[in-house]
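Trainee: I should like to request a close look at a single part of this structure. Please treat that part in detail and then set it among its neighbours.

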Amino acid sequence: MTPLTRRPAWKALEAHARTMRRQHLRALFAADATRGRRLTAEAAGLFLDYSKNRVTDRTLALLVRLADESGLRERIDAMFRGERINVTENRAVLHVALRAPGGASILVDGRNVVPDVHAVLERMATFAERVRVGAWTGHTGRPIRNVVNIGIGGSDLGPVMAYEALRHYSERALTFRFVSNVDGTDFVEATRDLDPADTLFIVSSKTFTTLETMTNATSARDWLIAGLGGDRRAVARHFVAVSTNAEKVSAFGIDTANMFGFWDWVGGRYSMDSAIGLSTMIAVGPGHFRDLLAGFHRMDEHFRTAPFEKNLPALMGLLTVWNTNFLGAGSVAVLPYENYLKRFPAYLQQLTMESNGKRVTLGGRAVECDTSPIYWGEPGTNGQHSFYQLLHQGTRLIPCDFIAFAQALTPLGRHRDLLMANVFAQAEALAFGRTAAEVRAEGVPRALVAHRVFEGNRPSNTILADRLTPATLGALIALYEHSVFTQGAVWDINPFDQWGVELGKALAQAIVPELESPAAPKLRHDSSTNNLVRRYRKMKEPA
């Protein structure tokens, strides 16, 4: 394939961008009274208004041409066919199979994996219902009332985000906690007010060797056994595993009949709709979990079949490429105006930056442009009183994704109208700003005019839906998954490996025995690391 920056569409976009950098959204809207209606798209219950991006019809046509020249359609088809598009690990990439309907056929090495997926879902549903109705009892015969999910990365970020997002639909008689950090405070605070007799731990680790997860799981096992009179047999009634390593699960003390598996074609950050979502299913019930999967699938099918001009994930991915590579944006602010989505920006940080934070192409060559922007954000309206100052008047260009729902799950007085007014006002202010003439016309003293000017011309997307349902959440997550895929296809990188997290983990494994050794270890690190290890060993000694 032709290197990215030598593709005709890329060169045309570079030339076009020189013109567009001088264009202001005020002029673009003034020149086209239909812009706000035309530059929209809709699918799977989501409405996308991208008219407040600094683009024209020519920009969009060139971006679609770039997608074609980058082989996006071929990459999409290859993923859905089960081809091994994760080339560095020689794996298929089939999170889309996790939400395919039972009658679908998706092949990996000639085997239809959909029946396997649904077999696990049925086992999950049976177990979840038993916990929810109190039929699954702990070692002392008491029903489970507390569920603690132990994982890290995708085994934590997905479940905790989904639980918070769907808390309105959750079983309120059950308490849910999530432990991920190897900092012992995380585990201690999560279990401080729980009774071991009615607590269930879900340990999520594909290999059952992940350092942070297994350290927390071991502490959980010790806490449980100590709280139930020292009987190790209690582990079998209070622990289940989401893993593929039956030997280690059994050695830990978990009955392998209570082990829920998944597959190497499911990446961690794409796994929340696999068995990793067991805590979600217990919280909201199998019916709502199936609705979540249906929402995912609707967006999957839209991405697979819709022309790029009306394809929500493709459009969002291409707009990210445009803002990042041609307009110089270095980050994207994700701003959900829905408090239930308070963990959604954190979830997207892993999805986007672990996927596309890459510096080499699929062929191992250095990339020729910036790849993933930094994703970050907070729910509105809290963010308006902290970092929106930077969005509006700072020196950095930061595109924004506003996410909002017309109907409140918890209606209360005027709250929803006030919330939505802020969504629309913030996007409007970012786009159009306020000129010096407008400020002067308000009678602002001359010395303060410059301080009250808003440059505007700051791009944003607005994503609207009727209400936050499980199906809508599924569609929203899939929207961003496939936007990430689109970006990766254009940049010719592999969004499905994460070698960047490995080096630090390997070095940590070497340092652990140096910190725990009773005798002073012989250190062979750089002078800074050696000094820090020695200082820590001295500081942790009792006074």
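Which residues point one way from β10, which point the other way, and are they buried or exposed?

Mentor: This is a predicted model, in which local features need pLDDT of at least 70 and side-chain atom pairs count only at pLDDT 80 or more, while totals for chains, interfaces and linings use all residues. Residues are numbered from 1 along each chain as its sequence is written, and side-chain values use heavy atoms, with hydrogens and water left out.

Let us begin with the strand itself. Ser-331, Ala-333, Leu-335 and Tyr-337 point one way from β10, whereas Val-332, Val-334 and Pro-336 point the other way. In a regular strand the side chains alternate between the two faces of the sheet. The residues on both sides of β10 are all buried, where buried means under 20% relative accessible area, exposed means over 50% and partly exposed lies in between (1.4 Å probe, protein chains only). The strand is thus described as mostly covered, with 7 of its 7 residues buried. Names such as β10 come from DSSP runs, numbered from the N terminus: helices (H or I) have at least four residues and strands (E) at least two.

We may now place β10 in its sheet. This is an open sheet of 6 strands with the order β1-β2-β13-β12-β10-β11, and its pairing is mixed. Two strands pair if DSSP finds at least two bridges between them. Strands of a sheet pair through backbone hydrogen bonds, either parallel or antiparallel. β10 and β11 run parallel and are joined by 3 bridges, with Ser-331 of β10 standing opposite Ile-374 of β11. At the edges of the sheet are β1 (40–43) and β11 (374–376), each of which pairs on one side only. The twist from one strand to the next averages 15°. The edge strand β1 runs antiparallel to β2 (residues 46–49), and 4 bridges join the two; Thr-40 has Asp-49 in β2 as its bridge partner.

A helix also belongs to this picture. α17 lies across β10 (331–337), β12 (400–405) and β13 (460–465), and runs at about 160° to β12. Contact here means heavy atoms within 4.5 Å. Axes are lines fitted to C-alpha atoms, for helices over the stretch in contact, and angles run from 0 to 180 degrees between N-to-C directions.

Several loops deserve attention as well. Most residues other than glycine have a negative phi, and most peptide bonds are trans. Thr-381 lies in the loop between β11 and α16 (388–393), and the peptide bond that leads to Thr-381 from Gly-380 is cis, with omega near 5°. Asn-457, in the loop between α19 (449–452) and β13, is not a glycine, yet it has a positive phi of about 65°. With 7% relative accessibility, Asn-457 counts as buried. Further along the chain, Asp-492 has a positive phi of about 60° and is likewise not a glycine. Asp-492 sits in the loop between α20 (470–491) and α21, and its relative accessible area of 13% makes it buried.

Finally, consider an open sheet of 5 strands, with the order β6-β5-β7-β8-β9 and parallel pairing. Its edge strands are β6 (175–179) and β9 (259–260), each pairing on one side only. Strand β5 (residues 146–150) runs parallel to β6 and is joined to it by 5 bridges; one of the residue pairs is Asn-146 with Thr-175 in β6. Helix α9 (residues 211–227) lies across β5, β6, β7 (199–204) and β8 (239–242), and runs at about 160° to β7.

Elsewhere, two helices meet each other. The axes of α6 (residues 114–133) and α13 (residues 286–305) come within 10 Å and cross at roughly 145°. On the α6 side the meeting involves Leu-121, Met-124, Ala-125, Glu-129 and Arg-132, and on the α13 side Pro-286, Phe-289 and Leu-293.
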